[in-house]
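Please look over the sequence and the structure below before reading on. The report that follows takes up a few features in turn.

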Amino acid sequence: MMRNKAENTILTDVLHRIAYSTDASVYRELPLGVAYPQTVEDVIDLLEEARKRKTHLIPRAGGTSICGQVVGSGIVCDISRHWNKILEINQSGRWARVQPGVVRDELNLALKPYGLFFSPETSTSNRCCIGGMLGNNSCGTHSLVYGSTRHHVLEATVVLSDGSIEVCKPYTIAELEERFGERFWEQFGKGPLIEKIYAQLVSWALDPETVALIRENYPDKTLRRRSCGYAIDEVLESLAERKINLCPLLCGSEGTLAFVTEIKVSLDPLPPEERLVVCAHCNSLEDSLLANLVALRHGPVAVELMDGQILSLCEGNLEQQRNRFFIEGNPAALIIAEFEGPQMEAKAKGFEEEVSSLAYCCTRVYGKEISRVWDLRKAGLGVLSGMKGDAKPVGVIEDTAVAPERMPAYIADFKKMLDGLGLSCVYYGHISTGELHLRPILNLKDPADRKKFRQVAYETALLVRKHHGSLSGEHGDGRLRGEFIPLMYGAEVYELMRQVKRTWDPDGVFNTGKIVDTPPMDEYLRYLLNQDACSVKQSDAYILPESTYFTWNGEFSHGESNPYAMLCSIEQCNGAGACRKFTSMGGTMCPAFKATGDELCVTRARANVIRELLTYGFSEEAVSISASGNKKKFGKKSFKQIVKSPELEEVLFSCLACKGCRSECPSNVDMTRIRAELLQHKWDAQGTPLGVWMVARMAAVERLGHFVRPLYNFFAGWKPSERLIKRAVRFASERHIPKLSRWSMRALVERERRKKADSSQSPKGKVYLFADEFTNYQEAELGLKFARLLIALRYEVEIPRHVESGRASISKGCLRLAKKFAKKNVELLGGMISEETPLVGIEPSCILSFRDEYPDLVPLEMREKAKTLGRNALLYDEFIVREMEKGNITADMFSDVACEIYLHGHCHQKALVGIGKTEQMLKGLLKGAILHTIPSGCCGMAGSFGYEKAHYKTSMAIGETVLFPAVRKAVGAIKESTAEKKESDIPVLVAAPGTSCRQQILDGTGVKALHPIEILLTFMR
C-alpha cells in the first residue's frame, strides 16, 4: 500500500536539487528530489514512491565519489543525516555493527579505546561514510596490508527492490536448500526475489563454461585492487566450497542492487605506535616507479607517490604549506614509504641504501608528524582544483591498477599516448598496490578537449587490458567507466553483469545508469560546452556582472575578466567534501554544518548553487539542460534577478564568513570572499537592509555615539529602547547591545604615551598600534593594556592616523564601503609601516584584513603597496614571538607563577596564520602556565551572525559542539578549587583573542574570557 509519508518527505525545491546535482566527479544532473530516510520503513516507502513516479533511488552518503555514482535524475537518499549510529562493538569478536552513514574516522575514534580500528581508508576518511565505502569497495593507503572494504564486510542488512529485507552473510548451500527447497537453482525464475538472486549465482557456479569465462576474463587474483564491474568472481569462488555470501558482490555495486541499512564489519588491532616514514625525493617520475619496487622489497606497510606538479600546487594552499615541512628541494616525484614495528629502522635503512641511486635525498619523519605527511598526500584530489585556468587535472582514468612490476612499462605506454594527444598529466596515489591516480590536464569547456576526454578514456582502457590490469582499483565505475567494461571483460561477461542487475533490480528502482547500461561517459558534464565559454569575453555564456568589487584576476592571474575569474574561483570546488567534517574531526570550516548536519550549510553546496545559478539560471529552466551539457535557449535571467533570488540568499546567509575554507578547503574555495562579493551585488540590485547598513557602519555609529556616550549607553541598556533597536537591526532578544567605553582606545593610549614620554630608557623599537573598530570604542581598556604591556617591554607606542579596517562592511557584503576604507588605510599607512616599524593589532579579523582582502580591494596601481603593508601588519602574537626570537622579550620579564590557561583561537587567525604563535608566546613567556588549546572551531558568534535573530539558535548550537562544554569544564575546576580552597590550587583562565568569541563565551557560559595580552600583562614582573 502506497503511503503519503514518502511523497511528503521528498524535497523537490530547486535549492536541494541543485545542491545534490554533483558529487566529486565531473558530472552534473539535477535529481527529481532529495530525501533523508531515518528508518527501514522510510526506504520501503521511498521505493514505492519511486515506482509510482517511474524513477529510481540514489543512495548517497558523503557524496565524495568521483565517478558520478550519486549523480542522476532519480531521488537522492542522503543517509548521512540520520543513519549515522554505531550500533554495537564486539571487542572479543573484533567486529562492529554500524549504520551506513557512520563516518569512517568517527568509527575509529569510538574503536580506539578497544585497541581496534576499521582498516580500509580513503583520502576522504574524515567525512566519507562506511556505506559509501561499501558501495565503492574503498581501499586506501594501507591496502597493501589490510586490503579493501570487501575483505572486511561480514554482513549487510539490505532492502531489496521488492521491498523485502534480507541479511546478507555467509550461508551454506544446505542452509539455502532448507530455506528454498532442494536444488532450488534449477527453478531459476520462480519464487521470491531473494531466491532468484541466489539461484542465478549458484547455477553459474555449477556451469563449467560460465566459471571458465569468468576466470579467463576477470583480472588476475594477484592484483590487489579490482573494483571494475560486479565482483561475480568473488561469489563464484566461495561457491566452490558450497558456501555463498552476497556481501562481496554488494561491495563495489554502488547502490545499484540493494539499499544497505546496516553493516557488520571486521576490525583489526591498532597498528603499533612505532612507525616511521621515509620520503625518497626523485628527479624523475620513472625513477619513482623503480623506487617503489625497491621499497616493496623492504616490507613497508604503505608506499605512496606524489609528483612534482601536485607538490607545487600544495604550496598554494595555506594548510598544506605547513605540511610540506619534510620536503627538500623540488623533487619531480616523491615516494612515501611507511615502516612499522621493531624492525622498522633496519627496513628503512635498507630501503634508503638501495634507493640512493634513484633518489637525490631521503627524509625521515617520526611520531605525530607522520599524520601531517599523510594529510599532505590526502589533500591531493582537492588541491588539483586550485590549478589556475580552465584546464584542470581531470578525473577520467585516475583509478587504473596494474601489477607494480608492470607499472614502468604501463606508464611508458601511457605517456606515449598522452604525447600523441598533446596532453600532460598529474601522477599520484597508491603505487604500492599498482594503482596510480592519473589525471590528464583538460579543459572540459573546450570542445576539442571534450573529445580528448573520451579518447583518453578509451585508449587507456586498451592499455590497461594490455597490461592485465583493472580499469578501477578503488573508485568504482559509476557513469564514468561503465561504457568501457565490455572492452575490459568482453561482451559475454558484460552480459552476465547486466543479468545480475536485472535479477536484483528488475524494475530499475536502484541507481540506474551506473556500472551497466550507463549513458555515454561524456554526457551530463558539469560545465557548459560553449565556444564563447573558452574566450576572454564570457558575457554570452554565463550570467555574470559587468564588473566585480574584488580583483579576482589577482586570485587567478590567468588573464580572464574579473567576473569570469570570480566564476572560476567558484568552480574550483570539485565536490570532495572536506567541508563536511563533523566536530570530532576538528577544523573550523563550515561550523553551521557541524551543528546541523545539513548539506546546504557546507561550502560545497554553496559553490554548487552559485555555480548553477551563474551558469544555467534557476527555477524549472535549470532542469531542462540537454544531456550534452549545452544550454537551451530560454529567456535567460539577468544577473540582478539571480542575486535577488531566494535560493542564493539561503546559501549565503547560512555562511558565518568564518574563513575556515580559506585554508582548510584543499581546493582554495574562499566562500567568505565569494559571499561578500555577491552580497554587494544583491544590495546594488535591491537596496541595503537597515540592519546590514547599521552593522557595516558600526564604527561610524559608535564614533557619533561617543559624543553622547551616557545617553547612548542608556538607550542601549534600557529595555524598551533596547527592544526597539534590536527589532530594527533584527538582533535576537537574548543578546545585549554592546556599550561604549568611557574613553576611546586612542585617547587612553595617547594619555599613557605622554605619561611615559620622559622615560630615560632607550626603546627597543617603535610599534604602531591599530585601533580597530571593536576595541577603539567598545573595549578601549583592552587597547590600553596592550599599550602598557609594550611600553613596559620598552617599546615606543603610537597609534597612527587611520580609518577603520572595514571588517564589518566586508562581512556584511558592503564592499563599496570596504574599498574606501582599504584605499584610505593604504594611503595613510603605506609609507609609514615597515618591517622595522610594524602595524600591530589586537583583533584578529581586523588586522588580518590588511593581509587578506586589502590587496584585492584597492585599485590595481595600489596593489603592491597594499601587499607590502599587509606583510608588515602583524597580529599581537606574531609581533611578540618575532621579538622573542630576537631576544628582545624573554621569560624572565614575566612571573613564573603557576596557572592553567584554556585557549580558544579566533577563526580568521586559525585560517590565515594559525594559533601556533599564540601558543608559543604563552608557553615561552609564562613558564608556570599549563596551556590547554581547546579543539574548537568557530565559536558561533562570527561578528554579527550570532547576534541576528534568524541565526541565534544555530549560533548557540555551534558553541555547544565543543567550546561551551570545554569552558564549563574549566569553570568546574575553578568552582571545585574555590570550594576546597587548597593551597596547591592554581588559577584557571580562559583566553580568547576575538571580541565576538569572548562575548559568545560570556553569553553561553557566563565566564568572562580574557584576551591573551591581558594575561601577559597580569603576569608581568
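Which residues of strand S20 (residues 766–769) are buried on one side of the strand, and which on the other?

## A strand covered on both faces

In this predicted model, both faces of S20 are covered, with Lys766 and Tyr768 buried on one side and Val767 and Leu769 buried on the other.

S20 also has strand partners, and the first to consider here is strand S21 (residues 796–798), which runs parallel to S20 and is joined to it by three bridges. Within this pairing, Val767 stands opposite Val797 of S21. S20 pairs in the parallel sense with strand S22 (residues 839–841) as well, this time over two bridges, and Leu839 in S22 is the bridge partner of Tyr768.

## A helix that is mostly covered

Helix H8 covers residues 193–205, and its 13 residues, at 1.5 Å a residue, should span 18 Å; the C-alpha atoms at its ends are 19 Å apart, which agrees with that expectation.

Of the 13 residues in H8, 10 are buried, so that the helix is mostly covered. Among the buried residues are the nonpolar-looking entries of the list such as Leu193, Ile194 and Trp204, and the list also includes Glu195 and Gln200.## A nonpolar patch on the surface

A different setting is found at the surface, where Leu704, Phe707, Val708, Leu711, Phe714, Phe715, Trp718 and Ile725 form a nonpolar patch with about 830 Å² of accessible area together. Helix H31 (698–707) and helix H32 (709–717) each supply at least two residues of this patch, and H32 gives the most, with three residues.

One member of the patch can be examined individually: Phe707 lies in helix H31, and Phe707 counts as exposed because its relative accessible area is 71%, where the cut-off for exposed is over 50%.

## Cysteines without disulfides

A disulfide is a covalent bond between the sulfur atoms of two cysteines. How many disulfides does a search of the whole structure find? The search finds zero, and two cysteines can serve as examples.

The sulfur of Cys228 is 10.0 Å from the closest cysteine sulfur, which belongs to Cys67, and this is too far for a bond, given that the two sulfur atoms of a disulfide must be within 2.5 Å. Cys228 is also buried, with a relative accessible area of 4%. Cys846 is likewise in no disulfide, and the nearest cysteine sulfur, that of Cys997, is 12 Å away. With a relative accessibility of 0%, Cys846 counts as buried.

Technical notes: Residues numbered from 1 in each chain as written. Predicted model: local features only at pLDDT ≥ 70, side-chain atom pairs only at ≥ 80, totals over all residues. Heavy atoms only, no water. Patch = residues over 30% accessible without salt bridge, like charges linked within 9 Å, V, L, I, M, F, W, Y side chains within 5 Å. Areas by Shrake-Rupley, 256 points an atom, 1.4 Å probe, with all protein chains shown as cover. Salt bridge = Lys/Arg side-chain N within 4 Å of Asp/Glu carboxyl O. Helix = DSSP H or I, 4+ residues; strand = E, 2+ residues; numbered from the N terminus. Buried < 20%, exposed > 50% of the residue type's maximum accessible area, 1.4 Å probe, protein only. Expected span 1.5 Å × (residues − 1). Pairing = 2+ DSSP bridges.
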